[in-house]
Amino acid sequence: MVTDIIKILFMKMEWDVFRILNHISDEEGILVLSGENAKIDEISVARFGEYLKKKYLSKGVILVNRFERNMINHIKKNTALHIRIISLSPIRLKHFYKLHCVKPFAGNIAFTYINTPKDNKLGKYLEKSELDENELVCLALFRLGHV
Amino acid sequence: MRDYEKLKLRNQIEQIFQSGNLFHKKIFLWGAGDFSRCIVSELLKKGKKVEAIIDNDKSKQGAFCAGVPVLSLDDVSGQYGLNDSEICFIICSDFWKEIVNQLNLAGAAKEKITILKKEKDSLREKISDAVKGEKIYKNITEQYGKGKVFLCPYTGTGDIYLIGSFWEKYIENLKINNYVFIVLSNACKKVASLFEIKNVVLLEKMIYAKYLIAYYLLKNSSLDMVILNDGWRELPYSCTEWLRGYKKLYFTQLFRDFVFELPSDAKPQHPELKDMNDSLQELFQKNGLIKGKTVVISPFSNTLLDLPQNFWSDISKSLLEKGYSVCTNCGCDTEQPIEGTTGICVPLDQAPQFVNFAGYFIGIRSGFCDIISGCNARKIILYYKKNRFYNASAYEYFNLKDMELCEDALELEFCMDELCRIKKEILEYL
């Protein structure tokens with residue numbers, strides 16, 4: 001238990017430093033691409049603007065695994081100017097998600113994990129129901145209320 | 001809604017009341033749901049009436065929540081004017097930021113808005129909760145031995161009934177011998193006792209569920225614990241609740257496919273009922289009710305919207321005139337019997353037998369309807385037509401036929417302007 005607590009506190013510190021260094025403000029929406037499902041990531045990028053609008057935010061930032069070159073190029077081509085891209089290491093991405101799973105550290109943040117942790121059932125919905133990736137992104141991840 | 005949330009809300013209301021900010025004010029709440037119900041009831045105790053509840057959900061507009069009309073922001077703006085000095089808005093929602101923005105854009109000044117759910121637990125509080133959760137978890141597992149821990153972190157009796165109806169198959173599938181089944185309320189425990197569920201533990205305080213979840217989250221889901229729900233909001237990564245009702249993802253299907261992961265042909269099973277004729281005979285005699293000719297009215301629901309009181313009193317009057325005895329199922333002290341009827345707190349572990357003994361049941365859709373769904377009595381279940389539950393109508397999501405719980409109930413959807421027709425239909429059916 002003590003180890004778990006220390007790990008989480010370290011992750012929180014890691015996020016705070018990252019946020020300051022990258023000038024991420026509370027007025028920005030954050031999208032974190034997990035790389036678990038490429039289609040989900042792509043659709044999330046495409047519809048991120050709607051998420052920002054719903055949250056009454058004028059700016060956004062996308063966090064992406066720095067080794068996902070194709071995805072980074074895709075985002076650059078498909079996002080508006082008010083959306084920044086920050087690439088980071090996969091381990092740091094995982095840390096931020098683990099922290100989020102204990103205590104969400106930002107008010108307007110969406111992660112595209114669908115199978116992690118083990119009881120995140122979004123992936124199962126994709127397998128077992130008639131829902132497609134676009135519907136999962138719009139209704140569940142971004143809670144837009146429409147597809 | 002949990003008891004500790006209610007307590008917190010009660011204290012907050014008390015503070016606002018003491019500050020004098022509500023004197024001579026027309027109060028508007030935001031969001032037709034549990035929190036507004038609680039605020040309405042707390043303010044009523046202090047003699048303050050809520051003018052209306054504002055909700056963006058068009059399906060709720062025009063209905064009633066805790067006896068208060070539900071309106072759109074445009075309606076309120078048109079009828080009262082958002083800059084009226086006597087107006088104040090109370091928001092109690094996780095989405096308060098968006099709501100404040102909407103109110104500001106519509107012209108409501110910031111000083112008119114009171115937010116009751118602004119602060120969220122800090123990471124320090126979450127860790128402190130997890131430490132408490134660890135103690136509770138260890139106490140339970142030490143008492144019952146090693147095994148899976150199932151947590152039902154809600155008070156919905158309908159959910160427990162649905163879980164019970166799949167339990168045998170689920171446990172058989174998991175191939176486990178020992179487990180603990182944790183519930184939050186005595187009502188849930190009673191419903192669980194209808195089924196063959198072992199080691200049912202009632203948490204001493206509801207807040208313990210929050211601690212257990214914090215512990216579970218800190219352990220990164222590595223605990224042998226299962227949260228029995230299709231999308232529990234307290235898990236920060238869980239967002240599947242927002243898919244409810246979309247593309248026919250209804251109550252039974254969600255539990256069968258995604259909570260229990262059973263094959264699609266697995267059917268819910270009602271429990272075998274114990275013979276309680278003697279004690280029921282006594283209860284009926286004591287309350288002047290007639291066996292086989294009593295109508296049990298169940299007018300209260302925690303999840304769905306209500307019907308006006310006069311609808312129920314009209315129905316009761318007609319039934320009494322026709323020679324039926326009529327009782328109201330009053331689950332707690334805030335639920336008062338319908339005028340002219342006997343108020344009975346039907347014990348949930350005897351509810352199916354009670355309704356069978358009575359012979360007739362009329363109720364707004366609530367968890368009680370799930371519990372009595374296997375009865376032979378004539379049953380009428382009412383659903384407000386405009387009432388939505390996530391992406392479906394309340395009827396689509398909760399009707400007992402599609403839930404595979406009951407084929408023989410008369411399930412009716414109603415609009416507020418057709419209550420006379422509904423009343424006629426009910427009386428004809430009986």
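A residue counts as buried when its relative accessible area is under 20%, and as exposed when that value is over 50%. With this yardstick in hand, the two chains of this predicted model can be walked through in turn, beginning with the cysteines. C92(B), with a relative accessible area of 9%, is therefore buried. C420(B), in contrast, reaches 69% and so is exposed.

Neither of these cysteines is paired. Over all chains, the search of the whole structure returns zero disulfides. For C92(B), which is in no disulfide, the nearest cysteine sulfur belongs to C38(B) and is 8.3 Å away. C420(B) is likewise in no disulfide, and its nearest cysteine sulfur, that of C415(B), is 13 Å away. A disulfide requires a pair of cysteine sulfur atoms within 2.5 Å, so the cut-off is not met at a separation such as these.

Chain A comes next. Six helices and four strands make up its secondary structure, and reading along the sequence gives the pattern α-β-α-β-α-β-α-β-α-α. Its radius of gyration is 15 Å, close to the 15 Å given by the globule rule for 147 residues, so chain A is as compact as a globular protein of that length. A box of roughly 45 × 35 × 30 Å, taken along the principal axes, is filled by the C-alpha atoms of chain A.

How much of chain A is buried? Of its 147 residues, 54% fall into that class. The contacts of chain A tell a further part of the story: among those between residues at least 6 apart in sequence, 61% join residues at least 24 apart. On the outside, chain A presents an accessible surface of about 7100 Å², and carbon and sulfur atoms account for 53% of that area. Its charged side chains number 23 positive and 17 negative, with the centres of the two sets lying 4 Å apart.

One backbone feature of chain A deserves a look on the screen. Between T116(A) and P117(A) the peptide bond is cis, and its omega is near -10°. P117(A) itself is placed in the loop that runs between β4 (109-111) and α5 (122-128) of chain A.

Chain B can be described along similar lines. Its secondary structure comprises 15 helices and 18 strands. A compact globule of 430 residues would have a radius of gyration near 22 Å, and the 23 Å of chain B agrees with this. Along the principal axes, the C-alpha trace of chain B spans about 60 × 60 × 40 Å.

Within chain B, 56% of the 430 residues are buried. Of the contacts in chain B that link residues at least 6 apart in sequence, 66% join residues at least 24 apart. The accessible surface of chain B is about 19000 Å², with 47% of it belonging to carbon and sulfur atoms. Chain B carries 56 positive and 56 negative charges, and the mean positions of the two sets are 3 Å apart.

A good place to look inside chain B is I338(B). This residue sits in the loop between β12 (325-329) and β13 (342-344) of chain B, yet its relative accessible area is 1%, so I338(B) is buried. Which residues does I338(B) contact, leaving aside its neighbours within four places in sequence? The list consists of I297(B), P299(B), Q309(B), W312(B), S313(B), S316(B) and T328(B). One of these, Q309(B), is 29 residues from I338(B) along the chain, and their C-alpha atoms are separated by 7.4 Å.

Two other loop residues of chain B are marked by their backbone angles. K248(B) is not a glycine, but its phi is positive, at about 60°. The loop that holds K248(B) lies between β10 (225-227) and α9 (251-259) of chain B. With a relative accessible area of 60%, K248(B) is exposed. E404(B), also a residue other than glycine, has a positive phi near 65°. Its loop in chain B connects the stretch between α14 (394-398) and β18 (410-414). Is E404(B) buried, exposed or partly exposed? At 27% relative accessibility, E404(B) counts as partly exposed.

Terms used. Residues numbered from 1 in each chain as written. Chains lettered and ligands numbered in written order. Predicted model: local features only at pLDDT ≥ 70, side-chain atom pairs only at ≥ 80, totals over all residues. Heavy atoms only, no water. Rg over C-alpha atoms; globule rule 2.2 N^0.38 Å. Buried < 20%, exposed > 50% of the residue type's maximum accessible area, 1.4 Å probe, protein only. Contact = heavy atoms within 4.5 Å. Areas by Shrake-Rupley, 256 points an atom, 1.4 Å probe, with all protein chains shown as cover. Lys, Arg positive; Asp, Glu negative; His and termini not counted. Charge placed at Lys NZ, Arg CZ, Asp CG, Glu CD.
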